[in-house]
Amino acid sequence: MMTLDRFEDLTEIYGGEIARWPEGEREAARALLASNAARLSPVLSAAAKLDRLLDLAPAQSADAALLGRLIAAAPQAPNTARRWIAGLGAALGLSAAAFAGIAVGVAVGRPQAVAPIVVAEQPVVTAVDTSSALQDALAEPSEL
């Protein structure tokens, strides 16, 4: 919907000739201009005057050396092969970490892997030893 504010915004963006505005806005703009000519005609006239001043300014061409320096300084897109190799490296690292975690989990979960801690030449009784002794005691009733 074309409003007065929208009309003024389009004037600032596209200038004083409604024919240069986006095609979908032109008809509504012309209808609004017809119904609000006293307010909108000065807006269009001021924009058209600015358009004429801008048209008088000489066109400047870009300096080729400056253009070359700007292009050279622009950030480059990352190399696809380099990104693929980096992703592969990350995947291999994660796989190795997962494998190491599984290996440690399997090794720790096995009772044979638990070594007794020796303090002053005396082995420390571990939970595995206690468990084995308890199983032996239950298998063979004691003399108690």
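These legends describe close-up views of a predicted model of one protein chain.

**Figure 1. The whole chain holds six helices and two strands.**
Start at the N terminus and read along. The elements run α-α-α-α-α-β-β-α. The chain has 144 residues, and buried residues make up 12% of them. Some contacts reach far along the sequence. Among contacts between residues at least 6 apart, 45% join residues at least 24 apart. The views that follow turn to the helices α1, α2 and α3.

**Figure 2. Helix α1 packs against helix α3.**
Helix α1 covers residues 4-14, and helix α3 covers residues 37-56. Two packed helices are described by the angle between their axes and the distance between the axes. Here the angle is about 10 degrees, and the axes lie 10 Å apart. Angles under 35 degrees count as roughly parallel, so α1 and α3 are roughly parallel to each other.

Which residues of α1 and α3 meet? From α1 come Leu 4, Phe 7, Glu 8 and Thr 11. From α3 come Arg 39, Leu 40, Val 43, Leu 44 and Ala 47. The residues of this contact divide into six nonpolar, one polar and two charged.

**Figure 3. Ten residues form the largest nonpolar core.**
Its members are Met 2, Phe 7, Leu 10, Ile 18, Trp 21, Ala 29, Leu 32, Leu 33, Leu 40 and Leu 44. Helices α1, α2 and α3 each supply at least two residues of this core. Which helix gives the most? Helix α2 does, with three residues.

**Figure 4. Helix α2 has three buried residues that face its neighbours in packing.**
Helix α2 spans residues 23-35. Its buried residues are Ala 29, Leu 32 and Leu 33. They pack against α1 and α3. Look at Ala 29 in detail. Leaving aside neighbours within four places in sequence, Ala 29 is in contact with Met 2, Phe 7, Ile 18 and Trp 21. Ala 29 and these four partners are among the members of the largest nonpolar core.

**Figure 5. Thr 11 is a buried residue of helix α1.**
Is Thr 11 buried or exposed? Its relative accessibility is 4%. Buried means under 20%, so Thr 11 counts as buried. Now find its partners. Leaving aside neighbours within four places in sequence, Thr 11 is in contact with Trp 21, Val 43, Leu 44 and Ala 47. Val 43, Leu 44 and Ala 47 belong to α3. Trp 21 and Leu 44 are also listed in the largest nonpolar core.

**Figure 6. A salt bridge joins Glu 25 and Arg 6.**
The count for the model comes to three salt bridges. In this one, the closest N and O atoms are 2.6 Å apart. The pair links distant parts of the chain. Glu 25 sits in helix α2 and Arg 6 in helix α1, 19 residues apart. Arg 6 has 33% relative accessibility, so Arg 6 counts as partly exposed.

**Figure 7. A salt bridge joins Arg 39 and Glu 8.**
The N to O distance is 3.1 Å. This pair also links distant parts of the chain: Arg 39 is in helix α3 and Glu 8 is in helix α1, 31 residues apart. Both residues appear in the contact of α1 with α3. Arg 39 is partly exposed, at 43% relative accessibility. Glu 8 is partly exposed too, with a relative accessible area of 21%.

**Figure 8. A salt bridge joins Glu 17 and Arg 20.**
Their side chains meet at 3.8 Å, N to O. How accessible is each partner? Glu 17 has 41% relative accessibility and counts as partly exposed. Arg 20 has 44% and also counts as partly exposed.

**Figure 9. Arg 30 of helix α2 touches Ile 18 and Ala 19.**
These contacts leave out residues up to four places away in sequence. Arg 30 and Ile 18 are twelve residues apart in sequence. In space, their C-alpha atoms are 7.6 Å apart. Arg 30 is partly exposed, with a relative accessible area of 44%. Its partner Ile 18 is one of the residues of the largest nonpolar core.

How values were computed. Residues are numbered from 1 along each chain as its sequence is written. This is a predicted model: local features need pLDDT of at least 70, side-chain atom pairs count only at pLDDT 80 or more; totals for chains, interfaces and linings use all residues. Side-chain values use heavy atoms; hydrogens and water are left out. Axes are lines fitted to C-alpha atoms, for helices over the stretch in contact, and angles run from 0 to 180 degrees between N-to-C directions. Helices (H or I, at least four residues) and strands (E, at least two) are DSSP runs, numbered from the N terminus. Angles under 35 degrees count as roughly parallel, over 145 as roughly antiparallel, 65 to 115 as roughly perpendicular and the rest as oblique. Contact means heavy atoms within 4.5 Å. Ala, Val, Leu, Ile, Met, Phe, Trp, Tyr, Cys and Pro count as nonpolar, Asp, Glu, Lys and Arg as charged, and the others, Gly among them, as polar. A nonpolar core is a set of buried Ala, Val, Leu, Ile, Met, Phe, Trp, Tyr and Cys residues joined through side-chain atoms within 4.5 Å. Buried means under 20% relative accessible area, exposed over 50%, partly exposed in between (1.4 Å probe, protein chains only). A salt bridge is a side-chain nitrogen of Lys or Arg within 4 Å of a carboxyl oxygen of Asp or Glu.
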